[in-house]
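Visitor: I am new to this structure and would like a close look at one part of it, the largest nonpolar core. Could you take me through that part and then set it against the rest of the protein?

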Amino acid sequence: MEGHNDMVERGEGLKNVVIEGPGEDQNKSRPISDNIDGVASDELDSLRGGSLKRKYSRRNPNQLQELQAFFRENPHPDQKASIELANKLSMDCNQVKIWFQNRRNQVKLKSEHEENGTLKEENAKLRLEHTALKEAMANPICDRCGCQAVVPAIDIDEYRTRSENIQLQDAMKRMNALEKEVTGTQDLYGGKL
């Protein structure tokens, strides 16, 4: 077991382990993944109930051209179009469907990546603008003389009260003007103007 622990610590996997049986020559060793107790790895997968992985196959340039041209026209082909395209290109229908799914995902990821880049640029510009406005507000400059202006600190409640007061004064002026139009020369307080 010490040898096994040493292999695990060094990161060696079972694929590098060599199995030797009695009577076998020391030079004739084989990786464990190729044969376990006389059973081939393909047979072992079928015994375990696992499925064999398909071998990856690349598309030839003509197939790629046809697929890309069809994708430009219709990125979501229906069942009939997928079957026709698969027959035309000597491919399996599932291969065509998977190619279209992968291609749609590539296009989507590319557009999201470009959009994220644009948003990052806009965000950087807004941050710079925000920083400049903060500095301008912290150090106001008088328009007339160009010197640094002294701005008294105003309480938020006082600011709101002043704003409401200005709005009420404006509303009072509009009401007085409306009353003058309706009644003649008197204002809201009953006095003559």
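Guide: What follows begins with the whole chain, moves to the core, and ends at the surface. The model is a predicted one, and it shows a protein with 6 helices and 4 strands, which follow one another along the sequence in the pattern α-β-β-β-β-α-α-α-α-α. Of the 193 residues in the protein, 11% are buried, and the largest nonpolar core brings together 10 residues, namely L67, F71, L85, A86, L89, M91, C93, V96, W99 and F100. Three elements each give two or more residues to this core, and these are α3 (61-73), α4 (79-89) and α5 (93-138), with α5 giving the most, at 4 residues. If you pick out F100 and leave aside its neighbours within four places in sequence, you find this residue in contact with L67, F71 and L85, and also with F70, N74, P75 and P77. Looking at the protein as a whole, among the contacts between residues at least 6 apart in sequence, 26% join residues at least 24 apart.

The surface offers a counterpart to the core, for M175, L178 and V182 form a nonpolar patch there, with about 310 Å² of accessible area together. L178 lies in helix α6 (residues 156-183), and it counts as partly exposed because its relative accessibility is 47%, a value that falls between the limits of 20% for buried and 50% for exposed. The accessible surface of the entire protein comes to about 16,900 Å², and 52% of that belongs to carbon and sulfur atoms.

Methods: Residues numbered from 1 in each chain as written. Predicted model: local features only at pLDDT ≥ 70, side-chain atom pairs only at ≥ 80, totals over all residues. Heavy atoms only, no water. Buried < 20%, exposed > 50% of the residue type's maximum accessible area, 1.4 Å probe, protein only. Contact = heavy atoms within 4.5 Å. Areas by Shrake-Rupley, 256 points an atom, 1.4 Å probe, with all protein chains shown as cover. Patch = residues over 30% accessible without salt bridge, like charges linked within 9 Å, V, L, I, M, F, W, Y side chains within 5 Å. Salt bridge = Lys/Arg side-chain N within 4 Å of Asp/Glu carboxyl O. Core = buried A, V, L, I, M, F, W, Y, C linked by side-chain atoms within 4.5 Å.
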